[in-house]
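Work through the following exercises with the sequence and the coordinates at hand. Each task is followed by a solution in steps.

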Amino acid sequence: MGGIKTRADVLFRNGRIYTVNRAQPWASCVAVKAGRIVAVGDEHEVQPLVGADTTVIDLAGRTAMPGIIDIHNHIMMGGQADLYELRFPSNFSISQIAGAVKEAAAKASPGAWIVGGQFGSDLLPRLNTDAAFAELDAASLGHPVLLRDDSYHNRWASGEALRIAGVTAETPNPIDGEIGRDLTSGRLTGLMVEAASGIVERALVKAGHYTPEMDRAAVARSISVLNSFGVTGFVEAASMQPILAALKGLDDRGELSAWAVCAMPIVEPGFMFGTAGEELFALRDSYRSAHVKPDYAKMFLDGVPGAKTAAFHEPYVADPVRGCCFRGNIMLTVPELIRWLGRCEKLGIAAKIHCAGDAAVTQALDAIEVVRTFNGPTTLIHHIAHASYIVPEDIPRFAELGVAADLSPIIWFPTVFLEAHKAAMGAERAQRFWPNRDLNRAGALMAGGSDWPVIPNPDPWHGIEGMVTRRNPTGDFAGSALWPEQALDLETVIDIYTINAARAAGLGHVTGSIEVGKSADLIVLDQALFDIPAERIAKTNVEMTFFEGRKVYERNS
Ligand SMILES: [Zn+2]
């Protein structure tokens with residue numbers, strides 16, 4: 001039969017399919033051939049494509065939409081945390097943390113590291129005391145313990161972990177980091193701020209705590225978690241060789257069920273070790289595969305507000321250590337940043353620049369503006385992550401310079417992070433967190449990201465609801481909204497999580513909407529998103545996830 005080649009492999013029918021394509025926002029049917037969408041329309045439009053071998057999936061009136069793109073996650077850490085680490089909620093008190101550690105230590109084999117998290121970054125000052133350290137040490141039962149905070153920028157280590165890492169009272173603070181010492185006694189407290197975290201993380205790696213097999217299993221686990229939330233593409237935000245190798249290994253075996261865009265750090269990020277920068281860029285094509293795209297670089301300009309390591313235009317609240325006028329540090333000068341950006345653009349690599357404070361955002365935009373003057377226009381889209389504190393003058397510059405706002409993690413509502421920010425810089429400034437509406441009005445390309453495992457799971461539906469309501473969807477901090485004037489409508493937010501994120505990830509021609517020619521990345525939901533109150537969006541369950549027309553997740557109810 002002449003027409004056989006045009007028959008669809010898969011036909012989705014009888015759905016309420018939100019395509020995110022403005023020219024045809026809704027359809028009831030989608031036909032797929034060889035993983036690509038070949039028709040979007042109603043029954044009679046797709047009927048000619050149905051053959052004897054077509055698998056017909058009856059959506060039974062359920063809502064479907066394009067798969068979610070997570071613009072920022074740390075894929076291996078998510079899976080490692082899930083599979084191998086001690087988990088406790090970030091509102092745990094010091095004694096609750098000690099209790100959890102003690103329970104794990106009692107079960108651990110002799111000498112084994114206990115790795116876990118995440119403690120609230122609002123605990124940082126209280127952890128930095130002799131008393132707290134003594135409590136952790138007693139709970140550790142002599143094991144090396146390494147706990148991470150909710151920002152993943154800081155650590156709390158037991159005495160044995162410090163000993164193995166070679167940290168003594170005489171060890172000087174690393175550049176861009178601080179080894180915690182009790183303010184009265186001067187003794188070590190196990191608190192390791194920012195770059196100091198790397199000292200204990202490196203000791204953990206040296207101990208061979210994670211093997212390459214564990215790496216692969218962790219990444220595979222992470223991808224299946226992402227698929228279960230409807231995520232079919234992501235930008236891995238600090239792709240060192242073990243991650244690139246694990247992703248490529250999975251793709252070679254046909255087991256990578258998401259688009260993996262990788263951002264290679266220009267220097268060792270402090271929580272992962274090995275080749276970075278030019279040397280890593282030189283290897284990138286050896287990791288490239290059908291779904292693995294190592295086309296971004298990762299740069300860190302500052303730290304996080306809760307630890308007073310983010311760079312701001314105005315000083316933090318005065319404290320005994322930093323004095324009256326501390327505004328945080330910038331890790332790269334503007335000339336250094338310009339050189340890196342110029343070099344990356346030459347290689348066809350876009351930059352994802354970590355900018356947590358408003359001064360870091362300004363510097364990144366300044367550098368990009370300079371690079372534009374000598375490199376001219378580019379199709380590369382640089383990212384400002386996390387774009388959460390932005391001075392009003394910088395808002396229009398995102399669109400002017402073609403820079404994407406990587407909105408991560410998904411916390412545009414009151415959380416323990418915000419409480420830590422209030423303590424660090426005062427409630428009034430902390431309240432001006434995530435000017436999402438202003439960015440949207442100014443035409444910025446905005447993309448939603450989880451920053452998983454900075455948040456304990458990469459559930460985009462919490463982020464989507466929160467971006468609409470500016471309220472905490474979990475019921476924590478009930479009643480309060482964060483800067484509600486910055487709320488966005490659902491249609492805009494869906495764009496931010498699908499087509500806009502795909503564009504920002506360099507995948508706009510491949511995925512992000514349900515259109516002929518694109519990858520059949522489609523998710524089926526258990527509720528009609530546009531017909532429910534905004535306060536129910538976070539309860540959305542993904543019933544099925546399809547990647548290139550293949551079912552990669554199904555919920556068992
Ligand atoms: Zn991150």
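## Exercise 1: Two enclosed helices

The buried residues of helix H2 pack against strand E8 (68-73), strand E9 (86-87), helix H8 (212-228), strand E15 (231-236) and helix H9 (241-252). The model is a predicted one.

Task. Decide how far H2 (residues 75-84) is enclosed by the rest of the structure, then list the buried residues of H7 and what covers them.

Solution.
- Step 1. The buried residues of H2 are Ile75, Met76, Met77, Gly78, Gly79, Gln80 and Ala81.
- Step 2. These are seven of the ten residues of H2, so the helix is largely enclosed by the rest of the structure.
- Step 3. In helix H7 (residues 197-206), the buried residues are Ser197, Gly198, Val200, Glu201, Ala203 and Leu204.
- Step 4. The cover over the buried residues of H7 includes strands E10 (114-119), E11 (145-149), E12 (154-157) and E14 (188-194), along with helix H6 (159-165).
- Step 5. Just after H7, Gly208 has a positive phi of about 70 degrees.

## Exercise 2: Crossing helices

Task. Classify the crossing of H12 with H13 and that of H3 with H5, and describe the residues in each contact.

Solution.
- Step 1. Two packed helices are described by the angle between their axes and the distance between the axes.
- Step 2. For helix H12 (residues 334-346) and helix H13 (residues 358-375), the axes come within 9 Å and cross at roughly 50 degrees. H12 is therefore oblique to H13.
- Step 3. The crossing of H12 and H13 is right-handed. H12 contributes Val334, Leu337, Ile338, Leu341, Gly342 and Glu345 to the contact, and H13 contributes Gln363, Ala364, Ala367, Ile368, Val370, Val371, Arg372, Phe374 and Asn375. By type, the residues in this contact of H12 with H13 are ten nonpolar, three polar and two charged.
- Step 4. For helix H3 (residues 94-107) and helix H5 (residues 130-140), the axes come within 7 Å and cross at roughly 20 degrees. An angle under 35 degrees counts as roughly parallel, and H3 is therefore roughly parallel to H5.
- Step 5. H3 passes H5 in a right-handed crossing. The contact consists of Ile94, Ser95, Ala98, Val101, Lys102 and Ala105 from H3, with Ala132, Glu135, Leu136, Ala139 and Ser140 from H5. Seven of the residues in the contact of H3 with H5 are nonpolar, two are polar and two are charged.

## Exercise 3: Cysteines

Task. Which cysteines does a disulfide join, and why is Cys355 too far from the closest cysteine sulfur for a bond?

Solution.
- Step 1. The structure holds one disulfide. The disulfide links Cys324 to Cys325, with an S to S distance of 2.1 Å.
- Step 2. The angle about the S-S bond is -70 degrees, and the link of Cys324 and Cys325 is left-handed.
- Step 3. Cys324 has 52% relative accessibility and therefore counts as exposed.
- Step 4. The closest cysteine sulfur to that of Cys355 is in Cys344, 14 Å away, which is too far for a bond. Cys355 is buried, with a relative accessible area of 0%.
- Step 5. Cys29 also counts as buried, because its relative accessibility is 0%.

## Exercise 4: Two strand residues

Task. Are Ala260 and Thr55 buried or partly exposed, and which residues does each touch beyond four places away in sequence?

Solution.
- Step 1. Ala260 lies in strand E16 (residues 259-265) and is buried, with a relative accessible area of 0%.
- Step 2. Beyond its sequence neighbours up to four places away, Ala260 touches Phe234, Leu247, His291, Val292 and Lys293.
- Step 3. Thr55 lies in strand E6 (residues 55-58) and is partly exposed, at 43% relative accessible area.
- Step 4. With residues up to four places away again left out, Thr55 touches Asp9, Val10 and Leu11.

## Exercise 5: Backbone exceptions

Task. Where are the cis peptide bonds at His386 and Pro409, and where are Asn14 and Glu548 found?

Solution.
- Step 1. Most residues other than glycine have a negative phi, and most peptide bonds are trans.
- Step 2. Ala385 and His386 are joined by a cis peptide bond with omega of about 15 degrees; His386 is in strand E19 (residues 383-386).
- Step 3. The peptide bond from Ser408 to Pro409 is also cis, with omega near -5 degrees. Pro409 lies in the loop between strand E20 (404-407) and helix H15 (416-425).
- Step 4. Asn14, not a glycine, has a positive phi of about 60 degrees and is in the loop between strands E1 (10-13) and E2 (16-18).
- Step 5. Glu548, not a glycine, has a positive phi of about 50 degrees and is in the loop between strands E23 (542-547) and E24 (550-554).

Technical notes: Residues numbered from 1 in each chain as written. Predicted model: local features only at pLDDT ≥ 70, side-chain atom pairs only at ≥ 80, totals over all residues. Heavy atoms only, no water. Buried < 20%, exposed > 50% of the residue type's maximum accessible area, 1.4 Å probe, protein only. Helix = DSSP H or I, 4+ residues; strand = E, 2+ residues; numbered from the N terminus. Contact = heavy atoms within 4.5 Å. Disulfide = S-S within 2.5 Å. Axes fitted to C-alpha atoms, helices over the stretch in contact; angles between N-to-C directions. Parallel < 35°, antiparallel > 145°, perpendicular 65-115°, else oblique. Left-handed = near helix turned anticlockwise from the far one by under 90°. Nonpolar A, V, L, I, M, F, W, Y, C, P; charged D, E, K, R; others polar.
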